[in-house]
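Please look through the sequence and the model shown below before reading on. The paragraphs after it start from a single pair of side chains and then widen to the rest of the fold.

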Amino acid sequence: MDIATGYAALTSAFEIAKGLKNIDDRVKLNAAVIELQERILSAQQAATDAKDRLHEMEKTIEAFNSWTETAGRYALKDFGCQTYAYQARPETLSGEPPHLACPNCFRERRLSVLQYSDTYYGRKQKTRMASFSG
């Protein structure tokens, strides 16, 4: 949309500029020059807006590509009793400890490592590190 607005402003400015040579009245000439300047400024603003939007899109694409790379390091695993989590593939750990990621967060393109704790009837008894093996 910004590009179309800029193009329309430049086309209009070009038409005004073509008509300037036929204006003999100084007041009309000054008014036309002012209008031409406004159209040029409008085109410049549209070009700046388009550039900013392009920059935002590039950031979005970069974030998408980064997430795709991150997501490729994990596989959804069924731990039984309708319990699922994304498990880091062992070959992609590169020094990180084995871990699981929250499936809800994962769907939202966020990586949240699950923390394990023993519970008994809704009360924490003790917290310990769990070993999750594939």
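**From a charged pair to the whole chain**

In this predicted model, the side chains of Arg110 and Glu108 meet in a salt bridge, with a distance of 3.2 Å from N to O. Arg110 counts as partly exposed because its relative accessibility is 44%, whereas Glu108, at 52% relative accessibility, counts as exposed because the cut-off for that class is over 50%. Side chains of opposite charge can pair when their charged atoms come close.

How many salt bridges does a search of the whole structure find? The search finds three, and the pair just described is one of them. In another, Glu35 is joined to Arg39, and the closest N and O atoms are 3.0 Å apart. Because Glu35 and Arg39 are four residues apart in helix 2, about one helical turn separates them. Glu35 has a relative accessibility of 33% and so counts as partly exposed, and Arg39, with a relative accessible area of 29%, is partly exposed as well.

Glu96 forms a salt bridge with Arg73, and here the closest N and O atoms are 2.3 Å apart. This pair links distant parts of the chain, since Glu96 lies in the loop between strand 2 and strand 3 while Arg73 lies in the loop between helix 2 and strand 1, 23 residues apart. Glu96 counts as partly exposed, because its relative accessibility is 34%.

The loops that hold Glu96 and Arg73 lead to the strands of an open sheet. This sheet has three strands in the order 1-2-3, and their pairing is antiparallel. Strand 1 (74-78) and strand 3 (100-101) are the edge strands, each of which pairs on one side only. Strand 1 and strand 2 run antiparallel and are joined by five bridges; within this pairing, Ala75 has Gln87 in strand 2 as its bridge partner. The hairpin that these two strands form has five residues between the strands, and in it Gly80 takes a positive phi near 90 degrees. On the other side, two bridges join strand 2 to strand 3, which also run antiparallel, and Tyr86 stands opposite Ala101 in strand 3.

Tyr86 and Ala101 return in the interior, where the largest nonpolar core consists of eight residues: Trp67, Ala71, Tyr74, Tyr86, Ala88, Leu93, Ala101 and Phe106. Helix 2 (26-71) and strand 2 (84-88) each supply at least two residues of this core. A second core, separate from it, has six residues, among them Ala13, Ile16, Leu29 and Leu36. In soluble globular proteins, nonpolar side chains tend to be buried together.

Seen as a whole, the protein has three helices and five strands, and from the N terminus on its elements run α-α-β-β-β-α-β-β. Of its 134 residues, 22% are buried. Among the contacts with a separation of 6 or more, 31% are made by residues 24 or more positions apart. The protein exposes about 10,700 Å², of which carbon and sulfur atoms supply 55%.

Terms used
Residues numbered from 1 in each chain as written. Predicted model: local features only at pLDDT ≥ 70, side-chain atom pairs only at ≥ 80, totals over all residues. Heavy atoms only, no water. Buried < 20%, exposed > 50% of the residue type's maximum accessible area, 1.4 Å probe, protein only. Contact = heavy atoms within 4.5 Å. Areas by Shrake-Rupley, 256 points an atom, 1.4 Å probe, with all protein chains shown as cover. Core = buried A, V, L, I, M, F, W, Y, C linked by side-chain atoms within 4.5 Å. Pairing = 2+ DSSP bridges. Salt bridge = Lys/Arg side-chain N within 4 Å of Asp/Glu carboxyl O.
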